[in-house]
Amino acid sequence: MPHHHRKLLALALPSALALALTACGGAAESAAPRPARTVDVDAKATAAPSRTPAAAPAAPAAPLAGRTIVIDPGHNPGNFRHSAEINKKVDIGTNRKECDTTGTSTNNGYTEAAYTLDVSHRLRDLLKKQGARVVLVHDADRPYGPCIDERARIGNEAKADAVVSVHADGSAAGNRGFHVILPAKVRGGSADTAKIVGPSRTLGEALVAQFARATGTKPANYIGSGTGLDVRDDLGGLNLSTVPKVFIECGNMRDPKDATLFTDAAWRQKAAQGIANGIAAYLKG
């Protein structure tokens with residue numbers, strides 16, 4: 001048989017067989033091969049539910065958001081020009097005391113007022129980066145002061161979560177290291193520290209730990225029996241406070257070795273970091 005005749009016969013046989021089976025009651029529907037299903041890829045993609053891209057992880061909340069911190073830079077660079085004003089006495093609850101003092105200085109003339117303002121600026125910036133509301137008691141924006149009673153009032157009116165007064169000591173050479181001054185329990189006149197003694201101690205202890213870690217310096221060797229803590233009842237800024245408050249004496253300006261630290265900008269940044277870390281540790285509980 002010619003080749004093209006064999007090809008036509010091969011094509012005709014499946015069709016004839018399918019027709020014969022259909023005539024026998026439709027069994028061919030299940031026996032015959034089913035046509036392959038075709039899938040419209042575009043239609044399938046359209047019908048499939050769309051996937052929402054995964055949301056980017058939320059940025060961590062500022063750890064100190066909603067907190068108010070008052071920084072009290074000890075003394076004012078202009079105090080020495082206003083001795084009459086700062087020598088006037090004000091009521092500190094238990095007695096009367098001078099409005100303020102000039103503060104101390106290193107033997108080379110670097111003043112406590114200059115140091116405390118510099119560290120306070122650095123501290124403010126660090127705390128703001130963590131979301132805190134920061135209030136400076138002064139920013140060398142007034143001729144002198146404020147007086148110690150007003151310093152306490154500023155913290156109270158701000159409803160501060162914590163107040164830190166930044167200072168440097170003026171003790172004898174050989175006396176080295178930092179310490180934190182805590183309020184004693186006092187009651188008299190307008191002073192009543194009963195509610196703040198406990199939280200102020202917790203704040204002070206956090207500052208001691210974090211300041212030592214950040215600066216590499218040790219608690220004072222001349223006060224506080226090595227604890228870095230001292231309790232006083234004669235400071236108006238503490239007596240009149242109604243919110244947790246402490247003073248930090250960052251070292252002794254009259255000791256040559258400590259003085260070298262104070263005049264080093266890199267160390268002053270470490271000091272600010274240590275205070276910021278202490279405040280944050282206290283507020284985070």
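This note covers helix H10 and the aromatic rings around its start, in a predicted model.

1. Extent of the helix. H10 runs over residues 265-284, which makes 20 residues. From the first C-alpha to the last it reaches 28 Å, close to the 28 Å expected at 1.5 Å a residue.

2. Ends of the helix. At the N-terminal end, aspartate 264 acts as the cap of H10: one of its side-chain oxygens lies 3.0 Å from the backbone nitrogen of alanine 266. Just after H10 comes glycine 285, with a positive phi of about 75 degrees.

3. Buried residues. The buried set of H10 consists of Trp267, Arg268, Ala271, Ala272, Gly274, Ile275, Ala276, Gly278, Ile279, Ala280, Tyr282 and Leu283. Arg268 is one of the residues on this list.

4. Packing partners. The buried residues of H10 pack against three strands and three helices. The strands are E1 (68-73), E5 (162-169) and E10 (245-252); the helices are H5 (112-129), H7 (197-215) and H9 (256-262).

5. Aromatic pairs. The count comes to 4 aromatic pairs. In one of them, the rings of phenylalanine 262 and tryptophan 267 have centres 5.7 Å apart and planes at 85 degrees; the angle is over 60 degrees, so the pair is edge-to-face.

6. Burial of that pair. Phenylalanine 262 has 1% relative accessibility and therefore counts as buried. Tryptophan 267, at 5%, also counts as buried, because the cut-off is under 20%.

7. The wider cluster. Phe262 and Trp267 belong to a cluster linked by ring pairs. Its other members are Tyr115, Phe178 and Phe211.

Note on methods: Residues numbered from 1 in each chain as written. Predicted model: local features only at pLDDT ≥ 70, side-chain atom pairs only at ≥ 80, totals over all residues. Heavy atoms only, no water. Helix = DSSP H or I, 4+ residues; strand = E, 2+ residues; numbered from the N terminus. Expected span 1.5 Å × (residues − 1). Buried < 20%, exposed > 50% of the residue type's maximum accessible area, 1.4 Å probe, protein only. Contact = heavy atoms within 4.5 Å. Polar contact = N/O pair within 3.5 Å; in protein donor to acceptor, adjacent residues only side chain to side chain. Phe/Tyr/Trp six-rings, centres within 6.5 Å; stacked < 30°, edge-to-face > 60°.
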